[in-house]
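Here are my notes after going through this one with the viewer open. Have a look at the model first, then see whether you agree with the points below.

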Amino acid sequence: MAFTSAATQARRVQARDLSPQDLTTQALARIESARELNAVVSVNPNAQAQAQAVQARLDAGEPLPLAGVPVIVKDNINVTGTETTCGSRILRGYVSPYDATAAARLTRAGAVIVAKANMDEFAMGSSTESSAHGPTLNPWDTGRVPGGSSGGSAVAVAANLVDVSLGSDTGGSVRQPAAFTGVYGLKPTYGRVSRSGLVAYASSLDQIGPFARSAEDLALIMNVIAGQDPHDATSLDAPPTFAAGTPDDLRGLRVGVITESLAGNTAGVDATLSATLDALRGAGATTAEVSLPELKYAIAAYYLIAMPEASSNLARFDGMVYGQRAAGSDLTGAMTLTREQGFGPEVQRRILIGTYALSSGYYDAYYSKAMKVRRLIADRFTQAFGQFDVLVTPTSPFPAFRRGEKTSDPLAMYAADVDTVAINLAGLPALSVPAGFDTAQGVRLPVGIQFIAPPLQDERLVRIAGGLEGIGIAQPQVAPGY
């Protein structure tokens, strides 16, 4: 049976046309048949037991909005009884004793978490090439990257392993891989989805978000995972009210196109953006350019905030409590060897830079100054939303690049997030919409367009997604052959 949508699956299970066990078996078979993509790092050994428990709950008359729906989650989201490695050698063998809040809410709603998805090590990357489990391949062209750091979660949906998955987004790690693989990727407002049980990279930037192939599925998953959580002091009291929209939601919409995002794009990205704006105007929206000059500082500010926070968060991984431990002549030696052998080069690089930026005499020059720039960027977004309902940019200035193309140049890899990092700095919601293709390189590569909304207007983005589907712009697809 071909997967259609999570919403359709849930309805069929509720109607007893399908069983949760059938859907779980099918998902596991698809995962096995697509092993060459390396999108999945581990299968949940409890998946079939979860499916049987869902069936028992249905038989007891319990209403379950995600009845039997298979879901894959990123390998930095804790799920009881599964390995949580964060794509790192240092956490190999660590089995989570508890569920992240997002995972618990999925299970409570009747979903079956079937597997954990590959990722850049500790979510530090834009290509899913830095994982200790090896790189994930893009199903549209296996010689190219799927984006990162949530590349495995994006590929899981793009290659039809499941209809919905979860990733995490610290500077674009849901949106950029969604753009590279032709699916939706939503980065919610900071605090809309609990971070409890998400292994921290940069705590003031991290946010869990979904991948999907329809606006209806985005709404379905967000209505389950969003909401305040007593286990996360940064979670917001904003009950979710998500629903897919229609073309009527585009009529009268005021769309601001960020001027700074219009330079440096490939011809295919520019053409996709132009076609999207033309379609919006045809549906009754108005568009105009808006300049946010502070965005030129976003990459520098982002990394001077993310790396110090990573340095602090990753201090806990020393071999004493979690995962692997190297043998050393004394306690200090064991800790040093564990971190040297356990962390990959990109993680080590970011820890070193972050530690330096926080060190005595440099804090004010780097981290503190970056935080001031962060406030300027947030304030500029607030001003822009005084004129516009949403802002628009390409999700990435280029489509998926070739594997190995940027691994030897960390600065080029960091610059790949030029259109996404500012949104995390400002805590805003943003959605990457699969809006077209770039064919200039002899292969059909997906292109994503990013819609940005004011804080707590995540629902607006999902309504816009439904409207774009209705006018033929947003067309999430399964990669050919999958």
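**Cavities, cores and a few odd backbones**

1. Let me begin with the smaller of the two spaces I want to discuss: the second largest cavity has a volume of about 30 Å³. Keep in mind throughout that this is a predicted model. The residues lining this second largest cavity are Ala179, Phe180, Ser396, Phe398, Pro399, Pro446, Val447 and Gly448. Two elements, α6 (175-181) and β11 (445-452), each give two or more residues to that lining. The largest share is from β11, with three residues. Sorted by class, the lining of the second largest cavity has six nonpolar and two polar residues, and no charged ones.

2. How many cavities of 30 Å³ or more are there? The count is two. The largest holds about 80 Å³ of space. Its lining is made of 13 residues, and Gly125, Ser126, Ser173, Tyr302 and Asp417 are the ones nearest the centre. The classes for the largest cavity are four nonpolar, seven polar and two charged. I would look at the two linings one after the other: there are two charged residues around the largest cavity, whereas the second largest has none.

3. Now the packing. The largest nonpolar core has 59 residues, and those touching the most other members are Leu66, Leu106, Leu166, Phe451 and Leu468. Helix α7 (residues 215-225) supplies the largest share of this core, eight residues. There is also a second, separate core, of 48 residues, with Cys86, Met119, Val199 and Tyr302 among them. Tyr302 is worth a click, as this member of the second core is also one of the residues nearest the centre of the largest cavity. As general background, nonpolar side chains in soluble globular proteins tend to be buried together.

4. Phe451 is a good place to see the largest core in detail. Leaving out residues up to four places away in sequence, Phe451 touches Thr276, Leu280, Val390, Leu391, Val392, Pro429, Ala430, Leu431, Val433, Leu461, Ile464 and Leu468. One of those partners, Leu468, is itself listed with Phe451 among the core residues that touch the most other members.

5. Is Ser153 buried or exposed? Ser153 counts as buried because its relative accessibility is 0%, below the 20% cut-off. Ser153 sits in helix α5 (residues 151-158). A polar atom of the Ser153 side chain lies 2.8 Å from the backbone oxygen of Leu166. Beyond its neighbours within four places in sequence, Ser153 is in contact with Val73, Lys74, Ala117, Asn118, Ser165, Leu166, Gly167 and Phe211.

6. Val174 is in the loop between β4 (164-168) and α6. Despite the loop setting, Val174 counts as buried, at 0% relative accessibility. Apart from residues up to four places away in sequence, Val174 touches Ser150, Gly167, Ser168, Asp169, Gly185, Leu186, Gly209, Pro210 and Phe211. Val174 and Val421 are separated by 247 residues in sequence, yet their C-alpha atoms are 11 Å apart in space.

7. Ser311 belongs to helix α9 (residues 298-313). With a relative accessible area of 11%, Ser311 is buried. Setting aside residues up to four places away in sequence, Ser311 touches Ile351, Gly354 and Thr355.

8. Which two residues are joined by a cis peptide bond? They are Gly148 and Ser149, with omega at about 10 degrees. Ser149 is in the loop between β3 (112-117) and α5. Please check the local geometry here by eye.

9. Cys86 is not a glycine, yet has a positive phi of about 55 degrees. Its place is in the loop between β2 (70-74) and α4 (101-108). Cys86 is buried, with a relative accessible area of 1%, and is one of the residues in the second core.

10. Leu456 also has a positive phi, near 70 degrees, without being a glycine. Leu456 is found in the loop between β11 and α15 (458-470). At 38% relative accessibility, Leu456 counts as partly exposed, whereas Cys86 is buried.

Methods: Residues numbered from 1 in each chain as written. Heavy atoms only, no water. 1 Å grid on protein atoms, 1.4 Å probe; cavity = no way out; pocket = protein on both sides within 12 Å on 5 of 7 lines; lining within 4 Å. Points joined across faces, edges and corners; volume = space filled by probe spheres on them. Nonpolar A, V, L, I, M, F, W, Y, C, P; charged D, E, K, R; others polar. Helix = DSSP H or I, 4+ residues; strand = E, 2+ residues; numbered from the N terminus. Buried < 20%, exposed > 50% of the residue type's maximum accessible area, 1.4 Å probe, protein only. Polar contact = N/O pair within 3.5 Å; in protein donor to acceptor, adjacent residues only side chain to side chain. Contact = heavy atoms within 4.5 Å. Core = buried A, V, L, I, M, F, W, Y, C linked by side-chain atoms within 4.5 Å.
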